[in-house]
Amino acid sequence: MNVTNSLKRLRVRRSFKLFRMDRTQITLMILLTAGGVFMILPLVYIFNHALKPYSELFLFPPRIFVQEPTLSNFTEFFVVLRDSTIPITRFLFNSLIVTGIGTFMVIIVSSLCAYPLAKHRFPGHKIAFSIIILSLMFVPEAMQIPRYVVVARLGIMDTYWGHILPHIAAPVSVFLMKQFMDQVPTELLEAGKLDGAREWTVFYRIVMPICMPAVATSAILTFQSIWNDASTSVLFMQNDAMKTFPYFLSTITNNLANQVARQGAAAAAALIMFLPTLIVFLVFQRKVISTMAHSGIK
Amino acid sequence: MLRNKRIRSTTLNKLEGLLFLSPWLIGFFVFMAFPLAFSLYMSFHQIRITPAGLNVQYRGLSYYKTILFEHGSILYNDLIPFLRQAMFMIPIIVIFALLVAIMLNYKFPGRTLFRTIFFLPVIFSTGEVIQTFYDQGEGSLGFLEQYDLNSYLSVVLPPAWSSTISGVLDSFILILWYSGVQILICLAGRQTIPASVYEAARIDGASPWESFWKITLPAMVPFIFLNTIYTVVDLFTFPWNPIMERVTTSDYGLSSALVWIYFGIILLFLLIVFFGFHRFTRAYQLTK
C-alpha cells in the first residue's frame, strides 16, 4: 500500500518536473514575489526621488516613479558643495573614519561581552544581562545632556573619540549576539577545550564563525546608526572641520527660511547618504546567508 | 594538589569571563549608566543652563505629578492610541516574520535573491527612508478606500478600536518594513532545526501541518521570544514615535520625568511578554 502510494507520488512529481518546480514552489514564488515588491519599494522610491524635477517633488499624492528624470538635483547639490567653506571631502573623510572604526569596535566589544554572558556561569551573569535589556529600552534623547558632561570631562570634545566612544556600549548588538550564542551547542565548545584550545581560541575559532549571521546583522545595524547620526557632531564638536557628513547634509535644508528651496539638493543628498548603507548591506548580507547555509549547527 | 589546581582553573575561568566583559562594561558605565542616573536625578530637579553653568533647583516629585495627574494631555493624548496600535502591530510583525522565514527556508529557484530582498528592511528601518515615506503619506495600500472597509469597521466596532485597526491596515506596508531583523532572526532560528527531525516525523506519518505545530513552532519559541522583545523595544524607542517627539530639550526636568514614566510603561510591556513566554514554555514542557 505504502509502496504504491509513494510510486504514485513519484509519478506526480515527475509530471510536474516539466515545469521544473512543484506546486508548493510555485505558490511560494507567487507569495514571496508579492511581498518582495513591497519590500523593494523604498529602494525604488529613493532612487526615483533623487531624479525628480521640482515639478514632481511636491506632487500630491506623491508618485513613486519619476516621469521626467533629470540630473538637476545633483547639479544643485554640487553647487551647494562649492559654497561650503570646508571642503566636502573633509566631512566625508571624518564620516568614513568614525563609522569604520566605530562599527569595528562595537562588533569586537559586544561579541566579547556576549560570549561569557551566554556560555559562562559566573556570579551575576543574570543581573548583567537584565541590565543590558533594561538599557535597551532607554531612548538616547534622554541622555544627551549627561553624555555631554561625560564627553567634556573625558576631554574628547573635538576629537574622533567623541564621535566613536558614545556608540561603543551598544546594548542592541550584545543582545542579538548573546541570543545567538545561546544556541551554540556547549558540547562543541567543550570539544574544542578538550583539544587544548584556550578561551580566546574557542571564541575566535568556534563561536564567532557560527554566530556570523548575528555579527553581520549587528554590523549592518551599527554601521547605519553611526553613519546617519548627526547628533554627536551637534553636541560634542565645536570645530566645524571635525563634523561629519550627515551633519553637513542636515544643514542644506535646515537653515533656510522657506521649505521649497534646495529640496532637490536634499533629495540628491538623501540618495548619496543612502548608498554606503546599501553597499555595506549587500556585502554583509551575503555573509549572513552563506554562513547560515554551512554553519556548524545542524 | 589536584584540588588546588581545579580551584585555580575555575577562578581563572571567571577572570577570563570578566576580562571579556570589561570593555563593554566600562563603556556601559561611562556612556549609559551614568547618564541614566543623571537623567533620573534631573527628573527631580529644575535645570537651567546659565553662562555660569548648570543651575539646579530641587523640585521633588512635582514633574511626575504634573505629567500623571494635572496635565495628563502631555502623556495620555499620544500614549493611548499608540499603545493600542502597538498591541496590533507587535503580533502582526512577529507572525509575519515567522511565516516569511519558513517560506524562505524552502528550496526554490531564486531563493538567495528573495532572502536578500526580505532582509532589505534592515537598512530602511532606522533610516531616513521610511521617514520620508511617512511624511509623504506613502505606505498605505489604498485598498481601504477601494473596498470601503473603514465604514464597515466603524459599524462593527466601537470607534476607538475601528480607527486603530484601520490605522494598522493603512500602514500595513510600514509594518512589513519593520520586520527585517525579525525575519533574519527567525530564518537563522529555523535553520537550527535539523532536517533529520522532519524526516523522522514524516516516516512516522506526520503531515506537514502536524510537523509545523509539533516540531517547528516549539523549536522556534526562543526565537519568537527574542523577536517579540526586539519588536517591542524597536517600536517603543523609535525616534519619531509620538512620545519621543514630546521629549524636548526646552525643559530638562519635565522631559526626564516623562522619559522615566515612559520607561516604566515599556518595562511593563516587556514583563508581560516575559511572563507570557514563561508560562508558555512551562506548559509545553509539561505536555512533553
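Me: What makes chain B and chain A partners here, and how many residues of each are in contact?
Reply: Hello! In this predicted model, 78 residues of chain B are in contact with 85 residues of chain A. Contact here means heavy atoms within 4.5 Å.

Me: How do you know what area is buried between chain B and chain A?
Reply: The size of an interface is often given as the accessible area lost when the parts come together. For chain B and chain A that area is about 7,600 Å², summed over both parts. Carbon and sulfur atoms give 82% of the buried area. On the side of chain B, Phe20(B), Trp24(B) and Phe31(B) lose the most area to chain A, together making 12% of what that side buries.

Me: How many salt bridges does the rule find across the interface of chain B and chain A?
Reply: A pair would need a side-chain nitrogen of Lys or Arg within 4 Å of a carboxyl oxygen of Asp or Glu. Across this interface the rule finds zero salt bridges.

Me: Is Ser179(B) called buried or exposed, and why?
Reply: The cut-off for buried is under 20% relative accessible area. Ser179(B) has a value of 0%, therefore it counts as buried. Ser179(B) sits in the loop between helix H10 (172-177) and H11 of chain B. If neighbours within four places in sequence are set aside, Ser179(B) is in contact with Met39(A), Ile93(B) and Phe96(B).

Me: What makes helix H11 (residues 180-190) of chain B count as mostly covered?
Reply: The count of buried residues does: eleven of its eleven residues are buried. Among them are Gly180(B), Gln182(B), Cys186(B) and Arg190(B).

Me: Why is Phe47(A) called neither buried nor exposed?
Reply: Phe47(A) has a relative accessibility of 33%. Buried would need a value under 20% and exposed one over 50%, so Phe47(A) falls in between and counts as partly exposed. Phe47(A) lies in helix H2 (residues 23-50) of chain A.

Me: What makes Phe47(A) eligible for a nonpolar patch on the surface, and which residues form that patch?
Reply: A patch residue needs over 30% relative accessible area, and Phe47(A) has 33%. The nonpolar patch is formed by Phe47(A), Leu275(A), Ile279(A) and Val283(A), with about 340 Å² of accessible area together. Helix H15 (residues 263-294) of chain A gives the most to the patch, with three residues.

Me: How do you know what secondary structure the UniProt "transmembrane region" spans of chain B take in this model?
Reply: The unreviewed UniProt entry places that feature at several spans, including residues 86-106 and 211-233 of chain B. In the model, residues 86-106 are 95% helix and 0% strand, and their end C-alpha atoms lie 31 Å apart. Residues 211-233 are 100% helix and 0% strand, again with end C-alpha atoms 31 Å apart.

Me: And what do the whole chains look like, starting with the helices and strands of chain B?
Reply: Chain B comes to 15 helices and two strands, while chain A has 15 helices and zero strands. Of the 288 residues of chain B, 48% count as buried; in chain A the figure is 49% of 298 residues.

Me: How do you know what share of contacts in chain B joins residues at least 24 apart?
Reply: Among contacts between residues at least 6 apart in sequence, 71% in chain B join residues at least 24 apart. For chain A, residues 24 or more positions apart account for 73% of the contacts with a separation of 6 or more.

Notes: Residues are numbered from 1 along each chain as its sequence is written. Chains are lettered from A and ligands numbered from 1 in the order in which they are written. This is a predicted model: local features need pLDDT of at least 70, side-chain atom pairs count only at pLDDT 80 or more; totals for chains, interfaces and linings use all residues. Side-chain values use heavy atoms; hydrogens and water are left out. UniProt positions are given in the numbering used here, feature names are shortened, and annotations may be inferred rather than shown by experiment. Helices (H or I, at least four residues) and strands (E, at least two) are DSSP runs, numbered from the N terminus. Patches are made of residues with over 30% relative accessible area and no salt bridge: like charges are joined within 9 Å, nonpolar side chains (Val, Leu, Ile, Met, Phe, Trp, Tyr) within 5 Å. Accessible areas come from the Shrake-Rupley method with a 1.4 Å probe; for residues, only the protein chains shown count as cover. Buried means under 20% relative accessible area, exposed over 50%, partly exposed in between (1.4 Å probe, protein chains only). Buried area is the accessible area (1.4 Å probe) that two parts lose on being put together, summed over both.
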